[in-house]
Amino acid sequence: MKLVTYARRGSPSDKGRLGALVGDRVVDLTEAARLSGHAAIPATLKGLIEAGPSAFEAARKLLAFVANRSVDSDVVLDLGEVRLLPPVVDPGKFFCVGKNNKAHREELVRNRLLNEAPAEPTGFIKLNSVMVGSDATVCRPRGINTLDYEPELVFVIGRHTHRVRSEDALSHVVGIMVTNDLSARQIQRQEVASGTRFWTAKNMPGFGPVGPFMLSLDEVDDPHDLWITCRVNGELRLRAHTGDVIFRIGDVLEHFSRWMPFEPGDMIAMGAPAGVAVGQPNADDLYLKPGDTCEVAFEGMLPLTTHIVEATEM
């Protein structure tokens, strides 16, 4: 299933409803449960995850129920009628693995954005307050002219996870999505020089696009055998394989869960690939600018779209 949190366009105060993306339509799972007469389903994706496999099976049955009936517009909506919010709007943690691709590490070292070669997974936190969904408008902050894209796979925790072994890690994962870890490189360089860890460079307003859906893991043969693409204004900027990492999902989860428990709905981004703007000889031409549209996607699937504007435009 491709699970979403959506709001109707024109309803800015709408906090989001749980749905499933089916083709170019969104099925409202709460309304589908009401129509079917089945037991109520959790109202949020985090709640669905917390409820466990039986809740996912109930959601699948609701989709099958709707597929065979003519239903009203409260149950099935055209994609153009909705805004796709972050699928999990309130994760307890949005954790990001850093420096997890050898070639990307080399890009960072060349550009004074990294001083060390870690021997184990490292990470930082993306604040919930900077998360945005698909088709969001993100301001390029005043004074920032090195706004870079970082397309990454995100995996979502499905159950309490503490001191898990690498070989058991995927049984703790409920789904995957993509994020665009927007980064202000000039600020990142300053933070590296001062010995801090990217907090400001990666946590400016809107710097956490995520989504546009959570793909349930039962529909993924191997999360390390997917392609992620990044396009700017329709131009393919990079195409990266999710297996091209130093530390795989099992390594990451075993390492960090030794001391830090993870809970249902927590999200972990696996790190950027090589090929981002800062690593290119014409980086100044490639950095995101007002008027740009950046799309990150699992290849062949609906993209996570971000529109860049100047700060004065909002």
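The second largest pocket comes out at about 200 Å³, in what is a predicted model. Of its 18 lining residues, His241, Thr242, Val245, Gly271 and Pro273 are the closest to its centre. A pocket here is an open set of points on a 1 Å grid over the protein atoms alone, where a 1.4 Å probe fits, with protein on both sides within 12 Å along at least five of seven lines; lining residues have an atom within 4 Å of a point. Its volume is the space filled by probe spheres set on the points, which are joined across faces, edges and corners. Strands β11 (151-157) and β16 (235-241) each put at least two residues into this lining, and β11 has the largest share, with 3 residues. Strands (E, at least two residues) and helices (H or I, at least four) are DSSP runs numbered from the N terminus. By class, the lining splits into 10 nonpolar, 6 polar and 2 charged residues, with Ala, Val, Leu, Ile, Met, Phe, Trp, Tyr, Cys and Pro taken as nonpolar, Asp, Glu, Lys and Arg as charged, and the others, Gly among them, as polar.

As for the largest pocket, its volume is about 270 Å³. Its lining has 14 residues, and Gly52, Pro53, Phe56, Val173 and Val174 lie nearest the centre. Helix α3 (53-67) and strand β12 (173-180) each supply at least two of them, with α3 giving the most, 3 residues. The class split is 6 nonpolar, 5 polar and 3 charged.

Turning to the rings, there are 2 aromatic pairs (Phe, Tyr or six-membered Trp ring centres within 6.5 Å; planes under 30 degrees apart are stacked, over 60 edge-to-face, the rest tilted). Phe95 and Phe256 have ring centres 4.7 Å apart and planes at 65 degrees, so they pair edge-to-face. Phe95 sits in β6 (94-98) and Phe256 in α6 (249-256), so this contact ties together parts 161 residues apart in sequence. Both are buried (under 20% relative accessible area with a 1.4 Å probe, protein chains only), Phe95 at 6% and Phe256 at 13%. Phe95 also pairs edge-to-face with Phe262, with centres 6.3 Å apart and planes at 80 degrees. Ring pairs thus join Phe95, Phe256 and Phe262 into a cluster.

Residues are numbered from 1 along each chain as its sequence is written. Local features need pLDDT of at least 70, and side-chain atom pairs count only at pLDDT 80 or more, while totals for chains, interfaces and linings use all residues; side-chain values use heavy atoms, leaving out hydrogens and water.

Key. Buried < 20%, exposed > 50% of the residue type's maximum accessible area, 1.4 Å probe, protein only.
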